[in-house]
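Notebook open, coffee poured. Today I want to look at rings and empty space, and I'll jot things down as I go.

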Amino acid sequence: LEEVLREPCAPGERASVLRLLAEISHHDDSFDEAARLLRDALRLAEGPELKGAIELGLSYVESNLMDWGAALRHARRALDHARASGNALLEAQALAYRAMMGFLVGRGADWRSVERAIALEGPDPLAPLVGRPALIEALLRLYVGEHDLARAALHRLAAEAVGRGDESDVAFVLLWLSWLETRAGRFAEASRLAAEAAALARLTGSVSMHAWVLTQRAYVAAHTGDAEEVRGRCAEATAPVQASGRLLPGLWTAAALALLELSLGDAEAAARACEPALAALERRGIGEPVPAFFLPDALEALVAIGERERARRLV
């Protein structure tokens, strides 16, 4: 792909190559780099279908950078382009992304759009698992606490992907299943799923996904009181998470270390562990509180060390 860019080519072709490079970048190296490549691609893109695909990519990347307002704007533009292009699958994905990003900024779950997206998607779409409306619906069910429905849907999607030989995104699904089981208090199952997700992420070569899974393994270990496991997994994940620019795993690191340190009576250590995630939330604002699942322990730590005004603002 980089060789193609070194040769003269039409703007639309260059935009397509940049979009593909961005997809590779966010899987392997850097979400910041992916965002840059996608913005460059958008400036060159011709035609609503390509513009819609690029806007959808920007929505995904911005959500991983915890700028859910920007992710929602890109999803809306992706939907406009998708409808103009007549591409039903692209429209389905854009509808689902708009619903998810709208939820993350605090506007509630738009189930009508999700149902429309699933109907447009069809029974067996040729699309990456992370962009499928069926997966978006499952994650929304998880966020709103409908754990039984979310569990069944996530297991079904993982099994379908494995059956097709499309295992590259299964680690992502297993990570969320592990998070679900942690919230449900089923720690042995959560640990098993996280270990399976870590093995798959290694096999498929996704460095940033493997690092995120490590933070989920730490989060499970914090609930079972394994201090060595928590600290070891968080330390192991630090360098690849920082290299990727992906901010979401920082929520898991904060949640795991805050729970551990508060349990050990060290509120100052808990507050230090939460500082990067707290700063990100304070920059972006809080729309939907469920993704900020580390925040209750962070607030307890802030109150304990005397930072009551900051805690009050966050409350």
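Which residues do ring pairs link into a cluster? I looked it up: the cluster takes in Phe103, Tyr143, Phe172, Trp176, Trp179, Trp212, Tyr219, Trp252 and Phe293. Note to self: this is a predicted model.

**Entry: aromatic pairs**

I searched the whole structure and got 14 aromatic pairs. I started with Phe103 and Tyr143, whose ring centres sit 5.6 Å apart with the planes at 20°; stacked means under 30 degrees, so this pair is stacked. Phe103 belongs to helix H6 and Tyr143 to helix H8, so the contact ties together parts that are 40 residues apart in sequence. I checked burial too. Phe103 has 4% relative accessibility and counts as buried, because the cut-off is under 20%. Tyr143 comes out at 12%, so I put Tyr143 down as buried as well.

Next I pulled up Trp252 and Phe293. Their aromatic pair is edge-to-face, with 4.9 Å from centre to centre and 80° between the planes. This pair also links distant parts of the chain: Trp252 is in helix H14, while Phe293 is in the loop between helix H15 (267–284) and helix H16 (295–304), 41 residues apart. Buried or exposed, these two, Trp252 and Phe293? Both are buried.

**Entry: a charge over a ring**

I also found Arg141 lying over the face of Trp111, at 3.8 Å from the ring centre.

**Entry: cavities**

Then I turned to empty space. How many cavities of 30 Å³ or more does a search of the whole structure find? I got two.

The largest has a volume of about 320 Å³. It is lined by 22 residues, and the closest to its centre are Ser63, Leu139, Phe172, Trp176 and Leu248. Phe172 and Trp176 were already on my list from the ring cluster. I noted the helices that each supply at least two lining residues: H4 (48–64), H6 (88–104), H8 (133–143), H10 (170–183) and H14 (248–263). By class, I have 20 nonpolar, two polar and no charged residues in that lining.

The second largest cavity has a volume of about 50 Å³. Its lining includes Met66, Trp68, Leu104, Leu251 and Leu281, and among the others are Gly285, Ile286, Gly287, Glu288, Pro291 and Ala292. By class I wrote down eight nonpolar, two polar and one charged.

Notes: Residues are numbered from 1 along each chain as its sequence is written. This is a predicted model: local features need pLDDT of at least 70, side-chain atom pairs count only at pLDDT 80 or more; totals for chains, interfaces and linings use all residues. Side-chain values use heavy atoms; hydrogens and water are left out. On a 1 Å grid over the protein atoms alone, a cavity is a set of points where a 1.4 Å probe fits but cannot get out, and a pocket is an open set with protein on both sides within 12 Å along at least five of seven lines; lining residues have an atom within 4 Å of a point. Grid points are joined across faces, edges and corners, and a volume is the space filled by probe spheres set on the points. Helices (H or I, at least four residues) and strands (E, at least two) are DSSP runs, numbered from the N terminus. Ala, Val, Leu, Ile, Met, Phe, Trp, Tyr, Cys and Pro count as nonpolar, Asp, Glu, Lys and Arg as charged, and the others, Gly among them, as polar. Rings of Phe, Tyr and Trp (its six-membered ring) pair if their centres lie within 6.5 Å; planes under 30 degrees apart count as stacked, over 60 as edge-to-face and the rest as tilted. Buried means under 20% relative accessible area, exposed over 50%, partly exposed in between (1.4 Å probe, protein chains only). A charge sits over a ring if NZ of Lys or CZ of Arg is within 6 Å of the ring centre and within 35 degrees of the ring normal.
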